[in-house]
Structure formats: structure tokens, C-alpha cells
Amino acid sequence: WLDNGWIDWFEVGCYGEEPDPALMEWLKQAKMVKRPECVWVTLGMYNSQPGPSAVDMKRISVTGDGMGAGIWGRKAEALVPMYEAFRDRAKLNGFAFFDLSNVNDDILRGMKELILKEKAVPWYPED
């Protein structure tokens with residue numbers, strides 16, 4: 001679809017905290033298309049288990065049955081190695097975040113301080 005111009009980009013989801021496997025998956029996908037710069041990285045904003053990189057979001061569903069509980073937001077510091085690997089090793093200028101419903105004010109402040117320091121600029125080529 002990307003090569004046919006039917007879509008502008010697609011995203012490869014990176015949900016863990018280990019950059020090397022995520023870089024390899026992105027590279028595999030990027031090599032399959034004519035314009036690898038249109039294969040974006042999506043950093044997952046949730047953890048499926050508690051731990052030092054997780055923030056308990058304390059969610060409960062509107063029905064009170066606890067659905068949605070047991071999901072943790074990912075601290076900004078946990079995203080830094082993945083972000084830096086794609087920025088520095090893969091030389092990517094763009095990325096996205098997946099599932100911002102798992103972001104609270106503390107996580108957002110950390111992202112601003114650690115990851116989103118520079119203003120975004122348009123990425124679309126002028127061709």
C-alpha cells in the first residue's frame with residue numbers, strides 16, 4: 001500500500017524496553033518498501049505488568065467490574081533507550097506513541113523533559 005501511494009506511512013509497534021529486537025523488526029519492515037523513511041516507530045505507552053518502569057493507572061471500568069485495571073503506564077525514563085536507539089542508530093527523525101490513554105501528568109512531564117525537548121517539524125517530503 002505504501003509503495004502504491006495508497007497510504008502515507010505505516011507504523012511498527014515497539015512495546016518492550018529492549019531496543020535491539022525493535023530495531024531489527026523496524027529494519028526488516030523498512031527494507032520491504034521503496035521509502036523506508038515512511039516506516040515509523042510507535043513507542044508503546046503501557047506495561048502489562050508492574051515494575052520499576054511502570055505507573056499504576058488505577059483504572060476501573062464504568063461498570064465497576066475492574067476491566068482496564070491491571071494496565072500500567074510506562075514511565076518516560078523507560079522510553080529513553082528505545083527513543084535514543086531509533087534516533088541515533090537508525091537515524092529516524094519521526095516516531096509516534098501508542099495508547100496515550102496510559103499517560104498521566106507525571107509521565108507527560110517526564111516525556112517533555114527527556115524526549116520531547118525539541119519542537120516537531122513537518123516530515124513530509126516536498127516532492
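Tutor: Two strands pair if DSSP finds at least two bridges between them. With that term in hand, the discussion can turn to this model, which is predicted.

Student: Which elements does the protein have, and in what order do they run from the N terminus on?

Tutor: The protein holds three helices and seven strands. Read from the N terminus on, its elements follow the order β-α-β-β-β-β-β-α-β-α.

Student: In what order do the strands of the open sheet with parallel pairing stand?

Tutor: E1 (residues 10-14) and E2 (residues 39-44) are joined by five bridges and run parallel. E2 is also joined to E7 (residues 95-98), in parallel, by four bridges. E1 and E7 stand at the edges with a single partner strand each, so one side of each has no neighbour in the sheet. The order of this three-stranded open sheet is E1-E2-E7.

Student: Which residue of E7 stands opposite Leu 43?

Tutor: On the side of E1, Cys 14 is placed opposite Leu 43 of E2. Two further placements between E1 and E2 are Gly 13 opposite Thr 42 and Val 12 opposite Val 41. On the side of E7, the residue opposite Leu 43 is Phe 97.

Student: Is E2 largely enclosed by the rest of the structure or largely open, and how many of its six residues are buried?

Tutor: A residue is buried when its relative accessible area is under 20%. On one side of E2, Val 39, Val 41 and Leu 43 are buried, and on the other side Trp 40, Thr 42 and Gly 44 are buried, so that both faces are covered. Strand E2 is therefore largely enclosed by the rest of the structure, the number of buried residues being six of the six.

Student: What is the handedness of the β-α-β crossover from E1 to E2?

Tutor: Strands E1 and E2 run parallel. Between them the chain passes through helix H1 (residues 19-30), and the crossover that results is right-handed.

Student: What angle does the direction of H2 make with that of E2?

Tutor: Within the sheet, neighbouring strands are turned against each other by 35 degrees on average, direction ignored. Helix H2 packs on this sheet and touches E1, E2 and E7. The direction of H2 makes an angle with that of E2 of about 170 degrees.

Student: Is Phe 95 buried, partly exposed or exposed?

Tutor: Phe 95 belongs to strand E7. Leaving aside neighbours within four places in sequence, Phe 95 is in contact with Trp 40, Val 41, Leu 43, Tyr 83, Ile 115 and Leu 116. Its relative accessible area is 23%. Since buried means under 20% and exposed means over 50%, Phe 95 counts as partly exposed.

Student: How far apart in space are Phe 95 and Val 41, C-alpha to C-alpha?

Tutor: Val 41 is one of the residues in contact with Phe 95. In sequence the two are 54 residues apart, while in space the C-alpha to C-alpha distance is 4.8 Å.

Student: Which residue of E6 is the bridge partner of Val 55?

Tutor: Another open sheet has three strands in the order E3-E6-E4, with antiparallel pairing. Strand E3 (46-47) and strand E4 (54-56) are at its edges, each with a single partner strand, so one side of each lacks a neighbour in the sheet. E4 pairs with E6 (residues 72-74) in the antiparallel sense over three bridges. Within this strand E6, the bridge partner of Val 55 is Gly 73.

Student: At what angle do H2 and H3 pack?

Tutor: H2 (residues 76-89) and H3 (residues 105-114) have axes 9 Å apart, and H2 passes H3 in a right-handed crossing. The contact is formed by Ala 76, Glu 77 and Val 80 of H2 together with Ile 107, Gly 110, Met 111 and Leu 114 of H3. By class, five of these residues are nonpolar, one is polar and one is charged. The packing angle is about 35 degrees.

Student: What share of the residues of the protein counts as buried?

Tutor: Among contacts with a separation of 6 or more, 73% come from residues 24 or more positions apart. The protein has 127 residues, and the share that counts as buried is 32%.

Key:
Residues are numbered from 1 along each chain as its sequence is written. This is a predicted model: local features need pLDDT of at least 70, side-chain atom pairs count only at pLDDT 80 or more; totals for chains, interfaces and linings use all residues. Side-chain values use heavy atoms; hydrogens and water are left out. Axes are lines fitted to C-alpha atoms, for helices over the stretch in contact, and angles run from 0 to 180 degrees between N-to-C directions. Helices (H or I, at least four residues) and strands (E, at least two) are DSSP runs, numbered from the N terminus. A crossing is left-handed if the near helix is turned anticlockwise from the far one by less than a right angle, and right-handed if clockwise. Contact means heavy atoms within 4.5 Å. Ala, Val, Leu, Ile, Met, Phe, Trp, Tyr, Cys and Pro count as nonpolar, Asp, Glu, Lys and Arg as charged, and the others, Gly among them, as polar. Buried means under 20% relative accessible area, exposed over 50%, partly exposed in between (1.4 Å probe, protein chains only). A crossover is right-handed if, with the strands pointing away from the viewer, the path from the first strand over the helix to the second runs clockwise.
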